[in-house]
Protein chains: 4
Amino acid sequence: MATITDPIRRPAGPSPEALARRYARIRALSEALAAPLSDADATAQSMPDASPAKWHLAHVSWFFESFVLRDHLPGYRLFDDRWPYLFNSYYEAEGPRHARPQRGLLTRPSLDEVLAYRAAVDAAMLDAMPLLAERCGELIELGLNHEQQHQELLLTDLKHLLSCNPLGPAVWPAGPALRACADEAPPVGWREGPAGLVEIGDRGGDFAFDNERPVHKVHLTPFALADRLVTNGDWLRFIADGGYATAGLWLSDGWAWVRQEGIASPLHWRRASDGWEQFSLSGWQPLDLAAPVAHISFYEADAFAGWAGARLPTEQEWEAVARSQDPSGGVQLDEAGPVAPQAEAPGEGSSLFGNVWQWTGSAYRPYPRFRAAAGAVGEYNGKFMSGQFVLKGGSCATPRGHARASYRNFFYPQQRWQFTGLRLAKDL
Amino acid sequence: MATITDPIRRPAGPSPEALARRYARIRALSEALAAPLSDADATAQSMPDASPAKWHLAHVSWFFESFVLRDHLPGYRLFDDRWPYLFNSYYEAEGPRHARPQRGLLTRPSLDEVLAYRAAVDAAMLDAMPLLAERCGELIELGLNHEQQHQELLLTDLKHLLSCNPLGPAVWPAGPALRACADEAPPVGWREGPAGLVEIGDRGGDFAFDNERPVHKVHLTPFALADRLVTNGDWLRFIADGGYATAGLWLSDGWAWVRQEGIASPLHWRRASDGWEQFSLSGWQPLDLAAPVAHISFYEADAFAGWAGARLPTEQEWEAVARSQDPSGGVQLDEAGPVAPQAEAPGEGSSLFGNVWQWTGSAYRPYPRFRAAAGAVGEYNGKFMSGQFVLKGGSCATPRGHARASYRNFFYPQQRWQFTGLRLAKDL
Amino acid sequence: MATITDPIRRPAGPSPEALARRYARIRALSEALAAPLSDADATAQSMPDASPAKWHLAHVSWFFESFVLRDHLPGYRLFDDRWPYLFNSYYEAEGPRHARPQRGLLTRPSLDEVLAYRAAVDAAMLDAMPLLAERCGELIELGLNHEQQHQELLLTDLKHLLSCNPLGPAVWPAGPALRACADEAPPVGWREGPAGLVEIGDRGGDFAFDNERPVHKVHLTPFALADRLVTNGDWLRFIADGGYATAGLWLSDGWAWVRQEGIASPLHWRRASDGWEQFSLSGWQPLDLAAPVAHISFYEADAFAGWAGARLPTEQEWEAVARSQDPSGGVQLDEAGPVAPQAEAPGEGSSLFGNVWQWTGSAYRPYPRFRAAAGAVGEYNGKFMSGQFVLKGGSCATPRGHARASYRNFFYPQQRWQFTGLRLAKDL
Amino acid sequence: MATITDPIRRPAGPSPEALARRYARIRALSEALAAPLSDADATAQSMPDASPAKWHLAHVSWFFESFVLRDHLPGYRLFDDRWPYLFNSYYEAEGPRHARPQRGLLTRPSLDEVLAYRAAVDAAMLDAMPLLAERCGELIELGLNHEQQHQELLLTDLKHLLSCNPLGPAVWPAGPALRACADEAPPVGWREGPAGLVEIGDRGGDFAFDNERPVHKVHLTPFALADRLVTNGDWLRFIADGGYATAGLWLSDGWAWVRQEGIASPLHWRRASDGWEQFSLSGWQPLDLAAPVAHISFYEADAFAGWAGARLPTEQEWEAVARSQDPSGGVQLDEAGPVAPQAEAPGEGSSLFGNVWQWTGSAYRPYPRFRAAAGAVGEYNGKFMSGQFVLKGGSCATPRGHARASYRNFFYPQQRWQFTGLRLAKDL
């Protein structure tokens, strides 16, 4: 992989010192997130979609070790030459790898050994940063963004794992926002978005993934976005109105999914004697009616929107509105702690970003003239462009600074273990 | 279902006499297609995706009986009040129905009884046509287009069924076009399409499905379409070059499908001692190198396009070019007989229509401001708008006159028992 | 397959004329059973366990054609050399074959063609019988017993197929015994069986399968058999007492089966507005409380026996008692018609044979010194000796004359589409 | 559960002191076996058939806590009243429980917490032993035998888990017996067994499970057992002779299993550049040709026996011969360490016991007049009496002193993660 120009174009990068500080800060957050975990907590895998915390910690290090140190630092010796087989995720060009559904069987190496791996990679990276920053600063930036994505996955995978434990363990004590709240969010207001020809996609300058490029024009018909996210309180009304039992509200695939899986509420909800509870990284908690609904599938989001007389926004509509906002606003991840969506104050000043990823009605497909990066990192985004839907905006588990208006997250329409919610749209 | 205005808007319909003639002609073709079949041929179902010929014949009649006669002809009595349970396909609003994968177990009613049902429905329809044409001509037109869709499915389902029989039975003797052909198609030429803002969707006037509306603008970047379809000869080169064994060519879902299903050629192909053969409605035949490749999945189409240094067209690109063409051109279905794709003469005069449905790179999603029809017929198209891809152009099994530029066919990316092929596109 | 001595030892066979008469009579019954069926009825397959009627008719003919005509009649030419691939059931030594779950897709050859095949095989067999009877009378006898087994399967497979049709079609009008019957069977009486050392297995003389040999000694502890079969009325009490909801009554595998499949009654039962109905070859009929329960699995039989404070007999216990009875007694198949279990008069004179196959507590394993026959027919019985349980006694669908005390039928413990029931046993 | 008389009849039990010593010794072995494991090692579950080491350690303690302390020690308070839900295995009478395939998700409680649970149960047991030994010494003995069974499972489950790790971790360094051995075992000799009427089953006196009773007579025909186990060297000849590719050697269910699972060698074997290796608790090791073959299924054992011109012994034949031997002979488990089958010296003095469990040809069914114990412990054995086969003799992972001639182990015919092998038998 000689040169990486396409995916991580960056006209003028930060200084080696700034990059090293950024590297150290982001790497440290991963370890802080894993700090409360036992070796067993960090090893178990609750479903094929999820990965063990230990695996996340190692995989992101493998990324730096393979694509930066091995490929660009002459004489670098692998920490353990058997580990790439274990910690390659899906890069076909990097050779065969451990089967994804079996990641939870890797009791060795231990969490301590993985932390030692991280320390060794960090030492090598920081030692070599003056040289490396010049030769492959873009790759390092890609690796850091990659690690931030896995920080979010580490949290949602961990939440899913613990939710499978009848003891309902807590990782962190509940923060104030998780206290039950009888108050509901105010009614939805609508903000008109830009219509006609608009520009979509990354304009260059700062880091962006290859799938956000190239910038291009789309034509929008008049529309408006809701000024707040759909809340748990809204969702209770959908349930009470028979939303999960009304075939006519659902896409055909969605209805089949509801019937086959026996879906009757968002993931991580359960009925308690005195109302609904939701599982969190602080264990089971009373449902906060004013907080945004999370852990819903695209199918549920679509059915809800139809029930509410509205629809999902397209990714272009959402981006066209978000472009003028500060992407680091709203509820996002600042430090290790009790991550959860929180009630927001709607209205003029409220942010489109944070709290929950917002399902759009847009299938995840390439932009016109999209080109995947050359080499193994070209498998990062492009090969997933079928069957999935785009989500926008970041969540309470997205490291602050990682999201932006052109960011395209994507999941299959039935997946819901991420912090996924929705914001309504309508035609004008 | 009081009024149907949205889905089948038709400013000025044909005269009752013209509609009756059209009704009789289309209904007769269904029976002609089934004429060579035994009761058993017409009853068996080779997979859940397919339906028995007998079921198609009955289901399209149930459509007329339910939505026209029962709903609009006072005093009409059902032919058999147990049959709607058998012959409703997927209309949730019409109540419960026989499980799709069990359609092949309906040895009763017999083919003769189903033909009697058709005759009874036809008699009632034609008797009442003067009245019905006025009150619900649009519904009748919808029913006729619906029947044409099932004519195509009847042929492809039948082809699949017979392909499962080790005897390789023929329904019709091979036509001249199916003879082996050593010659190959000429190299691909490219036709530039319109760029900038273009109008997409049905402009009204003649019949169109709800999913083709409303007309709207999209912005296209400069592109070109190939002047011919990809052929069997082209596909042999893809195979010879290891196309099915090269992970980097495939979407991630596509590669998983190739591996799990052991895919190594289009459907209905087999190796014979002296080359490849393909199964047809005339039994196994030598592969015609100059004929368009058929029975490929979206995944295969996408992988081939990448291998060829090109890409799939978007549905908007295809439609923008096709709009100026006669949609009744090319190889389409005129009468019962040995339906199969045929070698075409590329170049200026060649048609974008016919031969094989062309996979596009567009996920099947609603147009801006799309509204499904009210009532049960509103389930016709809208509820399938997830997970599928759009195909354009009609095939050798599409009744001539049924296709048009704005027509949106859709299938899941792994499905390939239809006459599905591809035409390449590229950026300019 | 030069000589077949082991499996069908027959000291002195019947005359060629007698064998020919027997051949003609048995073959004719198969055709009489299929006479009411349409081509479609005879082609469809309702589940992998079942086969189409047409397939049964052809397969038993393939058996004669392969193992008698082809192997023993010099110069014989196959009726169609592509058909052995279609109609071989499971004989690995005979080469590859059509996949069992796909038998229902063989719409060709037609029922008429299969009947022509039968006629051709019969003509060849009867022509050659004087010669063949001498050279391979034992094989012919095996073929006739084989055909009788398939006569029973044809009936139970057909019953299952029609039960899947919401129209509930009838093949024959209901006989008098199928009328609803308010009366119940009298209480169970007990007959003591022989204890100590007893002889089990075929003593030779008449035809027997290889799995009934050799005769050997077993030691029995004192026991008694019920003087009647468990009835539908008995079964209703089991249901009313929560039998299907009481884990403690069930084998572990059985309980898993009940839970996974949602089992709550015998197969072919349904609740109607005024009580239970059972499906029969005469369509849906009111449940006859005095008739033996049928269509239960081994798991259900075992759970019922425990609930009733009794147990299943072993196959040796059953055989030790049955040995002194006439095996052609009881309700068995005499001619084509409305086959169904019927209420019996219990007591001294009642037969252990007929009505329903009786599940025993004995796993189907080889007798001491069992030897399978040489050649392909050696696959007849021996290779199925794992995972199945033995049933004794024959049923209403067993051709009279086919059963005997040493006869070992066998099915998997969850299978219940045969006429399977039970007779209780207890320790003394 | 008022009285337990049937399952654990023990005319005169050991003194409380002796029982306490035995209790302490057996409990300590469990902890010694788990001592080399990390929290993660002890938590992971490699397949639904297996359980985590931590779960085994807790489950056997739950057994004592529930059936002894809770039921018989007035005023006993549960260690944690949420844990019975986690650590009940399959006792329906004890209420609902954590799903078996999800045991590996129980990262909490930790291994340390489980060890604390063990300590607390041990303290309560030993405190109360003087009283408890009198009131329920039989239950305690049952609990100790139960714990010994789980010691064996802990080892085989752990071996399976580590075999799934590409790093092939070792728990203990290889013992001398695991060194590669070019020498082969000598040819098989045959020992004639007792024929005619023999007594089978537990005669009382010492502990036995309910499924070994009551003692009863069976009639055996003349037979002989091989004087040694089948070895890895023997198995290589079976492979070389095409054993896994010859349909005629296999039971029908076995052949389907071989084809579907792609079976071509025993479990835990792999080909290396210079011959075969087998996975052990000391990692991957060269195959020892003289050692008994292990990790084969019943299907494989049966196919091998047929290939070798022999057969599997029945459980009665095996027991009739073993009755006169010392059951504590042979290679069995004495202490924590590198457990593995070892080459044995065949001949007169060699033991029928130890090394590998020996598949018999006997389906696991109840003995005549078998009665399961009353109460929840009655689910221990009886409910598994369908679909499984009996194994005899104990293995290298069976705690010495646990096995006896009447002992009936049982597994499904496809299972092979235990130390399962075979000894041939033949008719005389």
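**Exercise 1. Find the bridge partner of A:Arg270 in E6(A), and place the pair in its sheet.**

Step 1. In this predicted model, A:Arg270 has A:Glu277 of E6(A) as its bridge partner. Strands (E, at least two residues) and helices (H or I, at least four) are DSSP runs, numbered from the N terminus.

Step 2. E5(A) pairs with strand E6 (residues 275-280) of chain A over four bridges, in the antiparallel sense. Two strands count as paired if DSSP finds at least two bridges between them.

Step 3. The open sheet holds three strands of chain A in the order E5-E6-E7, with antiparallel pairing. Strand E5 (269-272) and strand E7 (283-286) of chain A each have a single partner strand and stand at the edges, so one side of each lacks a neighbour in the sheet.

The numbering and lettering are as follows: residues count from 1 along each chain as its sequence is written, and chains are lettered from A and ligands numbered from 1 in the order in which they are written. Because the model is predicted, local features need pLDDT of at least 70 and side-chain atom pairs count only at pLDDT 80 or more, while totals for chains, interfaces and linings use all residues.

**Exercise 2. Describe how chain D is related to chain A.**

Step 1. A turn of 180 degrees with a shift of 0.0 Å along the axis lays chain D on chain A with an RMSD of 0.0 Å. Copies are superposed by least squares on the C-alpha atoms of residues with pLDDT of at least 70 in both.

Step 2. The two copies are therefore related as by a two-fold rotation axis.

Step 3. The C-alpha of chain D nearest the axis belongs to D:Ala40, 2.0 Å from it.

Step 4. Both copies use the same surface, as 100% of the contact residues of chain D recur in chain A. Residues are in contact if their C-beta atoms, placed from the backbone, lie within 7 Å.

**Exercise 3. State which elements of chain A supply at least two residues to the side that touches chain B.**

Step 1. The contact takes 25 residues from chain A and 25 residues from chain B.

Step 2. The elements of chain A are strand E3 (216-220), helix H6 (252-261) and strand E8 (357-363).

Step 3. E3(A) gives the largest share of this side, four residues.

**Exercise 4. Give the closest C-alpha distance between chain A and chain C.**

Step 1. No contact joins chain A and chain C, and their closest C-alpha atoms lie 14 Å apart.

Note on methods
Contact = placed C-beta atoms within 7 Å.
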